[in-house]
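Me: I would like to go through the terms used for this structure and see what stands behind each of them.

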Amino acid sequence: MTKQKLTNFTLSITCLIVGLIIMFPVIYATSLSFMDSSEITQYPPKLISSSPTLDNYKEAFETVPLMRFMTNSLVMSVGITVGQIITASLAAFAFVFFEFRFKKILFLMVLSTMMIPGEVTIISNFLTISSWGWNDTLHVLIIPFMTSAMGIFLIRQYYLTVPKELLEAARIDGCTNFKFFIKILLPISTPVIASLSIYSFIGAWNQYLWPLLTINDTANRTVQIGITMLQSESASKAVILAGSIIISIPTIIAFVIGQRLLVEGMTSGAVKG
Amino acid sequence: MKKLASLLLLGITTLSMLTGCSSSADQTASATSTAVDLVFWHSMSGTAGTAIDELVEQFNNSQDEITVKAEYQGAYDDALTKLKSSALGNSGPDIMQLYDIGTRWMIDSGYALVLQDLADGYDFSSIEENILEYYIVEGQVHSMPFNTSTPVLYYNKTAFEQAGLDPESPPTSLEEILEYSELLTGDGKYGFSMQVYGWFFEQFLNKMQLDYVDQGNGRDDSATQVVFDNNDGARVVFQTWKDMIDSGYVVNYGQDGTAVIESFASGNIAMTVGTTASLPTVIAYVGDAFELGVGYYPSVNADDKGGISIGGGSLWAMDKGSDVKADAAFEFIKFMVEPQSQLIWSQATGYFCVNTETYKLPEMIDFLEANPLFAVAINQLQESNNEAGAVLGVFTEARDAFEENLEKIISNELSVDEAVERLTTTVNVAIKRYNASAN
Amino acid sequence: MYAQETLKASKASKVKSLAKPKIKLSPVEPYLYLVPSFIIFITFVFYPFINTIYVSMYTTDLRGRVKDFVGLQNFIDLFNSPAFYNSITITFKFVLMIAFPSVLIAFILALLANNKLKGNRIYETMFSLPMAIASAPATAFWSMAFNQTNGIINYVLGQEIQWLTNPDYALIAVSIVTVWLSIGFNFIFLTVGLRNIPTELIESVSIDGANYLQKFRYIYLPLISPQMFVVVFINVIGSFQAFGQIKLLTEGGPGDSTNVLVYSIYQEAFKYGRFEVACAQALVLFVIMLCVTLLQFKFEKKVVHYD
């Protein structure tokens, strides 16, 4: 038993050290963000400031409207996530529970969209939305991304584990297909919806080129672009770090909460299936 | 099925509510103001961006006919991309700030109006001659210089003293810099470092009084090919750069300008070159660590006679098919270069005052007395041997190609001659393609 | 877990469909469910993609509008350009340097976290945290650590490596950041895979006296292989398209040492305004990705265990 305890102890320590190494860039940057510009360039590098200051955070908030950027990013990311869940579940529902003509080809078309690099379609898309006068709105950040091949693929994989008898039984009870989808299928697919949500939310939060091109008005900017507004000849790296940390806080919080649910949900869900 | 339909309907209504809201907001905004609304795109971030906002606010408060809305569009390259795409939908800006090297493209694309045509009766004589010269192409002023900078030498006076060098006489050529560097190197410290940056190459050519391209350095007509291969300029600069790094007294930090400045500020290198726009940053970084000196941008050889050309950006009035808008745009541009505006601008950012009247303002006189380092840069700008510099439609790519080839020389992937050949080919091919699409 | 169940389910359904006639369906209903997704796909993926093919056969003017038809000339120019071959080589190097290390590291982390220790949740969160960091802040953090003179990495190593300015290291540096960014996602997927291995199975082999290595070889590895395949697939596709961190860290340099295809496409279109060249490059990238994906699925049948 003591041997077991010793192993557990070593394992715990190993996990802790590995965890700290992985988190190190974040911890290191947080620490640097409290230093003034001369301390940050010192050699040997300092890990902890001898005279911590909040000036960089103050400057970051004063230079650009960070709260506004975060709100915009949040609206965009939530919009994209919800949109993707709805459209992807519907499409996956069709692909798994129905037989129809061109099913294979349509599914291949979905998969093929994963291989078209976004940097290519962006110019053409930009022209499309400009001609509709959609520039400078928040929905322009959301609508083009309201579905995702990855989402359809993930949900389809999950639905395939759901016994088809379930649909047949529901039909016998007089349930329409759509009612079955809403009342039975969606509730039991929370695990895969949870994982898709995190995947799309973070993907949306990470968008760079599209928001840069379509948004001209500072009031509608998102955080990724907002951070580059801090960068200039005159900006200290510490201010950029402070800004970067501020914009990372919401995702980190969302993640710490969501991650538990995610792993639990995905695990228990699969056992059920 | 009904539920699906209602769900879709719900989605559509929410969407139209979203769009509805935003468009009705726009309508109220334009309904209340009957005067001219102008959109101004710029690429100034950080403190410079704040200064722009301040100037725009002052302009809007100074009169009631014109309302300017300043919008930051990312770095110059990003702003240019957005301009190209939005011009197709006629949704671009009315006034645009663009970098110096975009001048030729802007003229060729036909997106902008010729500033001189709008400037009926405007007296350009108060605009610093050496700056305005850059924006005169084919005999006409195309845009208004706004944020102007030149390269200078930054050096560590304290380190000079410790090495037994005269802190009041900085080196004036790369040859001298190498000599000084030998004395300043040691203890893990280096004498000099220079960002891998195509602008510096152009400036070295100016110093050697050599052209970059044909057609009067691109100013008489669109350039058709580079000339820095035949006039030996590229080879000399490449070779000198390489020799300096091989000496061991000069260190290379690549294309990251901030890394060079930080290294200079932390005392790791005793000298560097950089833009005057960085001066406030350098002063802030250095703090009390050592005494900072500013000198003229070095020439390549000790006997070079040329000066420097300016860099930075200018303001363009865009062609939106409306005379009212064009005139309003010119009013705004005029305001941005008024002595008082330039005073605010230059003190906030470190860019030059493009209006010479600014130097007569008491605030400016006091400022220069208190900050003698700025005076060195101004003196350099006003020297009579300065060059107008080259104008070229593919400068962005030419700079990238210079930087790429220089880095390959430094890492010994290419010899100097190979690099000159590759650089020449790349830029010439780009010029050919450019001219083909321009005609 | 999904893929493995998938196969079972699809086998089961095949058997069923033979045994029983299909349920009668309204012929339009399934298409209706596909409408929302396909509206988006057609407008924002397929239409611009076809447009890309169109533009790749033309020249464009200074405003980016199509000008003269040149047929395949843009492709011929590409295949005569050494810079283009360089970009392809770097892209493949980059993909290899990311997909495999990130999956391997994530797998080791998942095995580490697959225990019943106290504080397990904390480790899990720590291991997957990079997933929550966007590329712009991540590059801001890492570029401080990579700083040549006073960065923590060189300080710890006691070296003066020019991480971002030496062509020999820049691709490694960009890869490290990309691997770091993708560890979290991979870790979560693999952890879930490990969790779903029936405990009875592990207990039964434990009673049989299997040591950890044997358990790893005969239980974990085969049972996690479907999950592993999905993760490798996502990482390969993702690293072909990695962009933000390259733009923000190296801009394709020094020299052209990190000029992957996607960056080159961006550069041609957005910096140099040559949309036709960018479109041609994009189509080549599309074909490469298609081939790699097909190869992966071929390979899947050989290595992945579905039973």
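The exchange below takes up domains, contacts and burial in turn.

Reply: This is a predicted model, in which local features need pLDDT of at least 70 and side-chain atom pairs count only at pLDDT 80 or more, while totals for chains, interfaces and linings use all residues. Residues are numbered from 1 along each chain as its sequence is written, and chains are lettered from A and ligands numbered from 1 in the order in which they are written.

Me: What makes the domains of chain B?

Reply: The bounds come from an automatic or database domain assignment, which divides chain B into domain 1 (36-149 + 311-382) and domain 2 (151-308 + 394-438). Their C-alpha centres lie 27 Å apart, and the contact between them takes 17 residues from domain 1 of chain B and 20 residues from domain 2 of chain B; two residues are in contact if their C-beta atoms, placed from the backbone, lie within 7 Å.

Me: How many residues of chain B are in contact with chain C?

Reply: There are 31 residues of chain B in contact with 26 residues of chain C.

Me: Why is helix 12 of chain B called largely enclosed?

Reply: A residue is buried if 20 or more other C-beta atoms lie within 10 Å of its own, exposed if 12 or fewer, and partly exposed in between, with C-beta atoms placed from the backbone. Eight of the nine residues of helix 12 of chain B are buried, so this helix (a DSSP run of H or I, at least four residues, numbered from the N terminus) is largely enclosed by the rest of the structure. Among the buried residues are Val260(B), Ile261(B) and Phe264(B).

Methods: Helices (H or I, at least four residues) and strands (E, at least two) are DSSP runs, numbered from the N terminus.
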